[in-house]
Amino acid sequence: MRFFNTAGPVNCQDHYCIPPLTRFNLPEILMLIKQKKYFVLHAPRQSGKTSCMLALRDYLNHEGRYQALYINVEIAQTARNNVGRGIKAILSQLAHESENLFSDPSPLENRASIFEENGEDAALGVALSLLCRDSTSPLVLIIDEIDSLIGDVLISVLRQIRAGYTKRPKLFPSSVILCGVRDIRDYRIHSEIEKEVITGGSAFNIKAESLRLGNFTKEETRTLLLEHTKETGQEIEEEAIKSVHLLTMDQPWLVNALAYEACFKIEDGIDRSLPITQSLVMEAKERLIQRRETHLDQLADKLKEERVRRVIEPILSGEGKPEIIPEDDIWYAEDLGLITTKGQLRISNPIYQEIIPRILTYST
């Protein structure tokens, strides 16, 4: 039996899912790739970014016009400002992921010597050039969790990609997609080496577009919930579907978490002869908030940031005016999924509206 997924990328064989390639404007992305553009796709945590990028990789490789390579660079986060450690970790990930794309031996089989011969400030660029040299088609590189990198490691990665830009597509990726929570314009990177703050725009000024992966639509939320009915025969009442939409405003993780709690954890919901009712959905909401699931804990962590508090506190108090909140801070809080600017400046959904004041006033 499939189920509602709340951890990691969606696999449509195991999970109820909205086909990932329908979540964004595929023709727009294909046009950017065709034009050899380097661009950003960003969205709040657990919105489906990785699922979409993996699906895009598979689509491009199946289509055959490009060779698409996906890497997740979160492995290098612990290197912090140690550029050597960070680049070695990324080279290892690059070599591992490229093994399936290239003939044996892989162009990066001797990645240790690539690092030793070229040093930490050029090794990544050289490795990408070697991959492109051996590629039978233009290479599309998808870098996930790019903003998990810290300080000089992030600066080095961005600058090495920028340095190779003029060599594309023969000796450098034809197109690069940077995927993370924030738009690159919001990067404020403290360099231990240069003893100053580097902005994302100055470190990576070759970005052509910045695309944002949105929440589900109201119809997608309904479709996802009714996948459960198709699979099990269990009815989900119309009022319950409406409540899921209103409580979550279609934030993907919240939709899946509420539905999983109601259908797979609450005793009355597990009984497939009983319908999923609005009261079950409300009970599921209370349980999620009480337990402070991982996603909600990450939310709590973001509230410690001064840039976030400058936006959230005036909204909660009702005393602040949007025009006096710094524009960059509003963008940042919206990129994190904490607020919405549609209609008016407000917390992005009723569950967050309920949990954010609890977190901020818990000790009191």
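## Cysteines, cores and one cavity

The torsion about the S-S bond of cysteine 12 and cysteine 17 is about 110°, so this disulfide is right-handed. The two sulfur atoms of cysteine 12 and cysteine 17 sit 1.9 Å apart. A disulfide here is a pair of cysteine sulfur atoms within 2.5 Å, and by that rule the count comes to 1.

A word on the ground rules: this is a predicted model, where local features need pLDDT of at least 70 and side-chain atom pairs count only at pLDDT 80 or more, while totals for chains, interfaces and linings use all residues. Residues are numbered from 1 along each chain as its sequence is written, and side-chain values use heavy atoms, with hydrogens and water left out.

What about the cysteines outside the bond? Cysteine 52 is in no disulfide, and the nearest cysteine sulfur, in cysteine 179, is 8.4 Å away. For cysteine 132, the closest cysteine sulfur is again in cysteine 179, at 20 Å, too far for a bond. The table puts burial side by side, where buried means under 20% relative accessible area, exposed over 50%, and partly exposed in between (1.4 Å probe, protein chains only).

| Residue | Relative accessible area | Class |
|---|---|---|
| Cysteine 12 | 34% | partly exposed |
| Cysteine 17 | 12% | buried |
| Cysteine 52 | 0% | buried |
| Cysteine 132 | 6% | buried |

Now for the inside. In soluble globular proteins, nonpolar side chains tend to be buried together. A nonpolar core is taken as a set of buried Ala, Val, Leu, Ile, Met, Phe, Trp, Tyr and Cys residues joined through side-chain atoms within 4.5 Å. The largest one has 50 residues, and Phe4, Ile276, Ile312, Ile339 and Ile356 have the most contacts inside it. Several helices each supply at least two residues of this core, among them H8 (218-232), H9 (238-248), H10 (252-265) and H16 (350-360). H10 gives the most, with 9 residues. Helices (H or I, at least four residues) and strands (E, at least two) are DSSP runs, numbered from the N terminus.

Take isoleucine 356 as a sample: leaving aside neighbours within four places in sequence, it is in contact (heavy atoms within 4.5 Å) with Leu299, Leu303, Ile312, Leu316 and Ile347. Apart from the largest core lies another, of 45 residues, and cysteine 132 turns up there along with residues including Leu128, Leu139 and Ile146.

Is there any empty space, and what lines the largest cavity? The structure holds 1 cavity of 30 Å³ or more, with about 50 Å³ of space in the largest. A cavity is, on a 1 Å grid over the protein atoms alone, a set of points where a 1.4 Å probe fits but cannot get out, and lining residues have an atom within 4 Å of a point. Grid points are joined across faces, edges and corners, and the volume is the space filled by probe spheres set on the points. The lining is made up of Leu225, Ile236, Ala240, Val244, Leu258, Ala259, Ala262, Cys263, Ile276 and Val281. H10 provides the largest share of this lining, 4 residues.

Last come some backbone oddities. Most residues other than glycine have a negative phi, and most peptide bonds are trans. Arginine 168 and proline 169, though, are joined by a cis peptide bond, with omega about 0°. Proline 169 lies in the loop between helix H6 (151-164) and strand E4 (175-180). Glutamate 145 has a positive phi, near 60°, and is buried at 11% relative accessibility. Methionine 249, in the loop between H9 and H10, has a phi near 50° and is partly exposed at 33%.

Key:
1 Å grid on protein atoms, 1.4 Å probe; cavity = no way out; pocket = protein on both sides within 12 Å on 5 of 7 lines; lining within 4 Å.
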